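Biologist: Before I use any of the labels attached to this model, I would like to hear what each one rests on. Please go through them one at a time.

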Amino acid sequence: MAEPSKVIHIRNVGHEISENDLLQLVQPFGVVTKLVMLRAKNQALLQMHDLNSAVNVLQYYTSVQPSVRGRNVYIQFSSHQELTTTDSPGWKSDQDSQPNRILLVTIHHMLYPITVEVLQQVFSPYGYVEKIVTFQKSAGFQALIQYQSRQSALQAKNSLQGRNIYDGCCQLDIQFSNLNELQVNYNNERSRDFTNPSLPTEQRVAFAQMSNAAAIAAAFGGGLPPGVTGTNDRCTILVTNLNPEKVDEDKLFNLFSLYGNIVRIKLLRNKPDHALVQMEDGFQAELAVNFVKGALLFGNRLELNFSKYPSITPAADTREYAGSNLNRFNNNAVKNYKYCCSPTKMIHVSALAQDITEEEIVAHLEEHGTIVNTKLFEVNGKKQALVLFESEEQATEALACKHASTIDRSTIRISFSQLQSI
């Protein structure tokens, strides 16, 4: 296998497959800077903006067979580390694409939130900005910016490409879009039509996702975990195949709060092995589905899908968590996103009493399974512990049952550790 490269080699590219088809195949993972169609060989070369984007493409398509227009295509790293004009007379890059009055802007190393207002301030000096639409993709935070004239867009691209909005971060990566006109339905924190200030604002819970964009980008290093698109806007999850004898709302809260703040949870009385879990936004719901699907809890393998219901209606048989101080993402969202992973055999226990002993920790957790090893340690003067169980199922049960429980008058926090051994 060739060494990792920004350049991806695609085989079995039939004549019915267009350049746009190939762009759509990989654009969820990052910006494509160059494209070479080798028609005579039924092949193509794509250069991603950075190595990490290319690696994400390859990792994803090792488990999912890529198909374009009903034809299976085959993806590998190219032996080229960079594409140049000498590689093929037909290569197409952004620099050669037709100037357009709409720019596609990707923001790399986004450590601070970027709003519609910030983008207007940055791009207005080059001409009248008519419309802005922002969205979250695997490539990171992106925006489409429509100028009144093509000349303004060209001047903005030439002046701003590669520059940072803030010192040392929020780097602009600018291409011409192939869209002719931006459709803006709402004037809010995600989109704005400056030519039509009377548009409605549309309030949706999923918009919390955009305010989280900076934390998400910082936590995941600008990319997203494999399988996570960052585009889901459905906040409610249907969890099935639960063990109704042992599961309750608080145990589900303890598990799902690893992936975001919980609004409310409802156990379905007419289907005792079903529950609805409403997360704070669509991105957090997608993380939960991605990482918890297939996990074992109390002997049952959990099935997770996005619910057709946008939210859970408050009622006597629903449990409210929206204002709970036990929600993990109220503070330090970056750190909590970093902890997101599928269940492991190892749990990390924090907020422990200063005089706690390993024996007390074991006594508190051992009813949930065989504890193979423990380690008590201190970080910034605060006691923490690692506890290794014999299986992921045992560790998951311990987390579901004992997160937010009390040892020696301290309310402990439990998350999964990605360490393999103590």
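Modeller: The side chains of Arg 101 and Glu 181 form a salt bridge, with N and O 2.6 Å apart. This is a predicted model, where local features need pLDDT of at least 70, side-chain atom pairs count only at pLDDT 80 or more, and totals for chains, interfaces and linings use all residues. Residues are numbered from 1 along each chain as its sequence is written, and side-chain values use heavy atoms, with hydrogens and water left out.

Biologist: What makes the contact of Arg 101 and Glu 181 a salt bridge?

Modeller: The term requires a side-chain nitrogen of Lys or Arg within 4 Å of a carboxyl oxygen of Asp or Glu. The N to O distance for Arg 101 and Glu 181 is 2.6 Å, so the pair meets the rule. Arg 101 is in the loop between strands E7 (92-93) and E8 (102-108), while Glu 181 is in the loop between strands E12 (169-176) and E13 (191-193), 80 residues apart. Strands (E, at least two residues) and helices (H or I, at least four) are DSSP runs, numbered from the N terminus.

Biologist: Why is Glu 181 called partly exposed?

Modeller: Buried means under 20% relative accessible area and exposed over 50%, with partly exposed in between, using a 1.4 Å probe and protein chains only. Glu 181 has 43%, so the middle label applies.

Biologist: How do you know that Asp 250 forms a salt bridge with Arg 319?

Modeller: Their closest N and O atoms are 3.1 Å apart, so the distance rule is met. Asp 250 lies in helix H7 (residues 249-256) and Arg 319 in strand E20 (residues 318-320), so the bridge ties together parts 69 residues apart in sequence. Asp 250 is partly exposed at 38%, and Arg 319 is partly exposed at 35%.

Biologist: How many salt bridges does the structure hold?

Modeller: There are 13. Among them is the pair of Asp 317 and Lys 266, at 2.8 Å from N to O. Asp 317 sits in the loop between strand E19 (303-306) and E20, and Lys 266 in strand E15 (residues 262-267), so parts 51 residues apart in sequence are tied together. Shared partners join Arg 101, Glu 130, Lys 131 and Glu 181 into one network of salt bridges.

Biologist: Which residues touch the most other members of the largest nonpolar core?

Modeller: Phe 256, Tyr 259, Tyr 337 and Ile 347 do, in a core of 56 residues. Helix H8 (residues 282-292) gives the largest share, seven residues. A second, separate core has 26 residues, including Val 129, Ile 145, Ala 153 and Leu 160.

Biologist: What makes a set of residues a nonpolar core?

Modeller: The members are buried Ala, Val, Leu, Ile, Met, Phe, Trp, Tyr and Cys residues joined through side-chain atoms within 4.5 Å. In soluble globular proteins, nonpolar side chains tend to be buried together.

Biologist: Why is Cys 341 in no bond with the closest cysteine sulfur, in Cys 340?

Modeller: A disulfide needs two cysteine sulfur atoms within 2.5 Å. The sulfur of Cys 341 is 7.8 Å from that of Cys 340, so the two are too far apart for a bond. Cys 341 is buried, at 7%.

Biologist: What is the distance from the sulfur of Cys 169 to the nearest cysteine sulfur?

Modeller: That sulfur belongs to Cys 170 and is 3.9 Å away, and Cys 169 is in no disulfide. Cys 169 is buried, at 2%. By this rule the disulfide count is zero.
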